[in-house]
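Please look through the sequence and the coordinates below before reading on. The paragraphs that follow start from a single residue and work outward to the whole chain.

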Amino acid sequence: VEAAREAGKKFESMFLSQMLGHMFAGIQTDPNFGGGHGETMFRSMMVDQYAQKMTSAGGLGIADAVTREILKTQGA
């Protein structure tokens, strides 16, 4: 049961990361206070952390649905 719950949380975190990544892709940075190669490199890590925090705070409920489906498929 715990492994299914963890898989559900990881799935939701990946989903949110993809969604946030697309959202942040259109945001231009102020050249005086950001931008450049460093921001490009670290933005994906920042988005992943946002997604993990959102998931741990309750997320969208996707983790619960995925966990239920995993358990139903396993017959538990």
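Ala3 has its place in helix H1, where helices (H or I, at least four residues) and strands (E, at least two) are DSSP runs, numbered from the N terminus. With a relative accessible area of 62%, Ala3 is exposed; the cut-offs here are under 20% relative accessible area for buried, over 50% for exposed, and in between for partly exposed, with a 1.4 Å probe and protein chains only. This is a predicted model, in which local features need pLDDT of at least 70, side-chain atom pairs count only at pLDDT 80 or more, and totals for chains, interfaces and linings use all residues. Residues are numbered from 1 along each chain as its sequence is written, and side-chain values use heavy atoms, with hydrogens and water left out.

The helix that holds Ala3 can be followed along its length. Helix H1 covers residues 2-25, which makes 24 residues, and from its first C-alpha to its last it reaches 34 Å, close to the 34 Å expected at 1.5 Å a residue; that expected span is 1.5 Å times one less than the number of residues in the helix. Between Ala3 and Ser17, which are 14 residues apart in sequence, the C-alpha to C-alpha distance is 21 Å. The buried residues in H1 are Ala4, Gly8, Glu12, Ser13, Leu16, Ser17, Leu20 and Phe24, and what covers these buried residues includes H2 and H3.

Ser17 gives one view of that cover. Placed in helix H1, Ser17 has a relative accessible area of 12% and is therefore buried. Leaving aside neighbours within four places in sequence, Ser17 is in contact (heavy atoms within 4.5 Å) with Val47, Asp48 and Ala51. The C-alpha atoms of Ser17 and Tyr50 are separated by 7.5 Å, although these two residues are 33 residues apart along the chain.

Where does Thr55 lie, and which residues does Thr55 contact? Thr55 is found in helix H2, which runs over residues 36-56, and its contacts, apart from neighbours within four places in sequence, are with Lys9, Glu12, Ser13 and Leu16. Among these partners, Glu12, Ser13 and Leu16 are themselves buried in H1. Thr55 counts as buried because its relative accessibility is 11%.

A similar reading can be made for Thr67, which is found in helix H3 (residues 62-74). Thr67 has a relative accessibility of 9% and so counts as buried, and, once its neighbours within four places in sequence are left aside, Thr67 is in contact with Ala4, Arg5 and Gly8. Of these, Ala4 and Gly8 are listed with the buried residues of H1.

The loops offer two further points to inspect. Leu60 lies in the loop between H2 and H3 and, at 52% relative accessibility, counts as exposed. Even so, Leu60 touches Glu12, Phe15 and Leu16, not counting residues up to four places away in sequence, and its C-alpha lies 8.8 Å from that of Leu16, with their positions 44 residues apart in sequence. Gly35, in turn, is found in the loop between H1 and H2 and is partly exposed, with a relative accessible area of 27%. The contacts of Gly35, leaving aside neighbours within four places in sequence, are with Thr29 and Asp30, while the C-alpha atoms of Gly35 and Gly8, which are 27 residues apart along the chain, are separated by 34 Å.

These pieces can now be set within the whole chain. The protein chain has three helices and zero strands, and from the N terminus on its elements run α-α-α. Its radius of gyration is 16 Å, well over the 11 Å that the globule rule gives for 76 residues, so the chain is more spread out than a compact globule; the radius is taken over C-alpha atoms, and the rule is 2.2 Å times the number of residues to the power 0.38. The C-alpha atoms fill a box of roughly 55 × 20 × 15 Å, taken along the principal axes. Of the 76 residues, 22% count as buried. Among contacts between residues at least 6 apart in sequence, 84% join residues at least 24 apart.
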